[in-house]
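Hi everyone, thanks for making time this morning. I'd like to walk you through a structure, so let's have it up on the screen.

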There are 2 protein chains.
Amino acid sequence: MPLGEFELIARYFTRPGRRGDVLLGVGDDAALLDVPAGQTLVAATDTLVEGRHFLADAPPQSVGHQALAVNLSDLAAMGAQPAWALLALSVPDADEAWIDGFSRGFHALADAFGVELVGGDTVRGARIVTIQALGFVPPGEALKRSGARPGDVLYVSGTVGDAAAGLELARRCDPGAMDATLLRRHQYAEPRVALGIALRGVASAAIDVSDGLLGDLGKLCRASGVSAVVQLERLPLSRALLEGFGATAAERMALAGGDDYELLFTLSASAAPAIEPTLAACCSITRIGVIGAGRGIRCFRSGLEVEQEVAGHDHFAA
Amino acid sequence: MPLGEFELIARYFTRPGRRGDVLLGVGDDAALLDVPAGQTLVAATDTLVEGRHFLADAPPQSVGHQALAVNLSDLAAMGAQPAWALLALSVPDADEAWIDGFSRGFHALADAFGVELVGGDTVRGARIVTIQALGFVPPGEALKRSGARPGDVLYVSGTVGDAAAGLELARRCDPGAMDATLLRRHQYAEPRVALGIALRGVASAAIDVSDGLLGDLGKLCRASGVSAVVQLERLPLSRALLEGFGATAAERMALAGGDDYELLFTLSASAAPAIEPTLAACCSITRIGVIGAGRGIRCFRSGLEVEQEVAGHDHFAA
């Protein structure tokens with residue numbers, strides 16, 4: 001006999017409390033939360049749709065991980081310390097095996113970052129997952145998209161393009177044919193929480209790479225009222241991506257692929273040398289360009305300008 | 001040419017800030033929010049699915065209203081003052097007329113309660129709306145489901161059953177045939193925010209009626225470890241419901257219909273007489289029963305016990 005909604009919640013989404021600041025968690029009409037005195041609350045929400053953000057045959061653990069990861073990445077892009085999450089889960093049926101896997105993927109990542117699930121809603125419908133992540137940042141230290149200034153140096157963390165390549169592999173239903181690290185980058189992205197915290201009061205601007213590097217860089221530039229130059233030969237591309245897809249496709253995936261959940265950020269040129277070692281202790285970071293006056297993004301390869309047709313991901317683009 | 005995702009957000013979901021406690025609203029990776037010192041944060045999330053919570057041909061204004069109302073109702077059930085909302089909107093296409101109507105319904109209710117939209121996500125998929133509502137309550141004054149004690153008096157606000165009747169009318173595609181107030185109760189429920197605030201430190205337990213009065217009363221009783229007796233002849237039924245559907249169907253809708261978004265709450269018998277006038281100044285309230293020891297819910301009509309087969313709404317029930 002299939003479980004009912006309330007049994008599902010009790011079995012898979014109710015666990016002993018892990019944080020002393022959760023005064024009331026899952027099980028009432030709303031959660032009661034104790035925000036630390038003197039901290040700014042940071043709130044983000046992101047939705048994953050089956051067939052768009054994850055494939056119908058994706059391991060449910062990966063969907064649970066990914067749904068939380070994209071939200072923690074939003075908090076990381078603000079320099080926030082994550083604390084709590086709410087989960088709105090729409091699933092077509094009470095498929096316990098799927099929900100069990102989903103909850104394990106979710107809780108494993110939540111535990112890794114000290115996040116507690118404090119509420120949610122479970123409904124029957126198309127498989128769509130919305131998570132709201134809440135965290136804190138000291139007043140005035142949040143990273144924004146809007147602070148980049150001409151002369152700032154542009155960085156990206158980790159490697160870019162791997163997640164798009166992993167999605168492509170998953171679509172081909174032939175993940176075994178190529179390096180499993182690419183598939184893992186698509187299904188189990190690691191939010192850059194430590195880097196975001198290290199960038200507090202240091203970065204002039206930051207955004208996470210969710211809709212493609214050029215698309216997200218465009219948002220950062222528009223919010224800051226600046227332009228950018230990107231040195232394509234400096235893009236951090238993984239060996240797995242280059243060997244699996246070749247240099248041309250790798251560059252395209254790096255610029256337009258999305259879902260890498262790396263941080264794209266700017267540092268003032270004068271501050272950059274001193275802070276780079278601290279940041280690199282969190283994860284690899286790479287200078288990929290500079291910020292300028294005016295508008296737009298220009299890409300260069302070996303000193304020659306390259307026209308880029310790629311646009312960031314838009315869910316409603318024709 | 002259809003609008004893109006970011007133009008949709010800019011046109012329909014980005015407005016001048018209305019609250020001084022929103023340090024950064026729609027348009028960055030996350031919102032920055034200033035929780036008042038010494039207040040407890042209250043967080044709720046609820047999802048509406050087309051075809052289940054609203055009909056495909058429902059006016060988009062009503063969907064925008066309803067999606068926020070159900071979340072404000074959760075905050076009301078905690079005694080919280082609502083402040084901010086995040087919106088995750090999945091729609092099958094960039095139908096501007098629908099999104100325009102939806103946003104007007106959403107913003108009208110948000111304005112009525114001083115709520116500001118501070119973030120969200122817009123994706124393409126089945127029409128599913130998830131909202132997260134955030135608010136505050138003074139420490140220790142939140143209403144919970146778990147505080148009812150034997151001897152407490154059981155109340156419900158407003159009238160019950162109207163929303164279920166309104167949904168039935170909408171399904172028949174013949175709303176003109178009966179009182180429009182029922183349809184309005186389904187599509188434009190009013191969250192009982194003022195009553196929830198008035199119940200702070202007064203009610204021993206509270207829950208909002210979203211899954212049917214008996215179902216939600218069952219949750220309150222289980223959370224409190226108590227039983228309840230309901231006097232069916234005391235159920236507050238509207239004239240529109242009684243005239244439109246007759247006494248038998250009206251009672252069934254009142255007990256099992258759901259989506260009324262009234263508050264079901266308990267007061268100690270000694271405190272009740274003194275506090276009733278204050279509460280009745282917010283909206284009508286009706287004593288419908290008493291809390292007892294033990295478990296279960298028993299219903300009586302004119303002194304005779306009546307077996308109730310009706311169960312609360314479960315999204316995954318067979």
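Here's a question to start with: in what order do the six strands of the open sheet with mixed pairing run? Please keep in mind that this is a predicted model. The order is 5(A)-4(A)-6(A)-3(A)-2(B)-1(B), with strands from chain A followed by strands from chain B. At the edges you'll find strand 5 (116-124) of chain A and strand 1 (22-24) of chain B, each of them paired on one side only. Going from one strand to the next, the twist averages 20 degrees.

Let's look at a pairing inside chain A. Strand 4 (residues 81-91) of chain A runs parallel to strand 5 of chain A, and eight bridges join the two. If you want a spot to zoom in on, try A:L87, which sits opposite A:G120 in strand 5 of chain A.

Now for the helices on this sheet. Helix 3 (residues 96-112) of chain A packs on it, touching strand 4, strand 5 and strand 6 of chain A. The direction of helix 3 makes about 165 degrees with that of strand 4 of chain A. Helix 2 (residues 60-76) of chain A lies across strand 3, strand 4 and strand 6 (128-137) of chain A, and its angle to strand 3 of chain A is about 145 degrees.

Strands can cross from one chain to the other elsewhere too. Strand 2 (residues 31-33) of chain A pairs with strand 3 (residues 40-49) of chain B through three bridges, in the antiparallel sense. There, A:A31 has B:A43 as its bridge partner.

That brings us to the interface. How many residues of chain A are in contact with chain B? It's 65, and they meet 64 residues of chain B. About 5,000 Å² is buried between chain A and chain B, with 61% of that coming from carbon and sulfur atoms. The two chains share four salt bridges. One salt bridge joins the side chains of B:R145 and A:D29, at 3.1 Å from N to O. We also have 15 residue pairs in polar contact between chain A and chain B. On the chain A side, strand 3 (residues 40-49) gives the largest share, nine residues. Sorted by class, that side has 35 nonpolar, 14 polar and 16 charged residues.

Let's move on to another sheet, in chain A. Seven strands form this open, mixed sheet, in the order 8-10-7-11-9-12-13. Why do strand 8 (205-208) and strand 13 (304-306) of chain A each have one side without a neighbour in the sheet? They stand at the edges with a single partner strand each, so one side of each is left free of a neighbour in the sheet. Here the twist averages 30 degrees from one strand to the next.

Strand 9 of chain A is a nice one to follow. With strand 11 of chain A it pairs antiparallel over four bridges, and with strand 12 of chain A it pairs parallel, also over four bridges. You can see both partners at A:A228, which is bridged to A:I291 in strand 11 and stands opposite A:I297 in strand 12. Strand 7 (residues 153-157) of chain A also runs antiparallel to strand 11 (residues 285-292) of chain A, with five bridges. There, A:V153 faces A:V290.

Finally, helix 7 (residues 213-224) of chain A lies across six strands, including strand 9 (227-231) and strand 10 (263-267), and runs at about 145 degrees to strand 8 of chain A. Thanks for listening!

Terms used: Residues are numbered from 1 along each chain as its sequence is written. Chains are lettered from A and ligands numbered from 1 in the order in which they are written. This is a predicted model: local features need pLDDT of at least 70, side-chain atom pairs count only at pLDDT 80 or more; totals for chains, interfaces and linings use all residues. Side-chain values use heavy atoms; hydrogens and water are left out. Two strands pair if DSSP finds at least two bridges between them. Axes are lines fitted to C-alpha atoms, for helices over the stretch in contact, and angles run from 0 to 180 degrees between N-to-C directions. Contact means heavy atoms within 4.5 Å. Buried area is the accessible area (1.4 Å probe) that two parts lose on being put together, summed over both. A polar contact is a pair of N or O atoms within 3.5 Å; within protein, one must be able to donate a hydrogen and the other to accept it, and residues adjacent in sequence count only if both atoms are side-chain atoms. Ala, Val, Leu, Ile, Met, Phe, Trp, Tyr, Cys and Pro count as nonpolar, Asp, Glu, Lys and Arg as charged, and the others, Gly among them, as polar.
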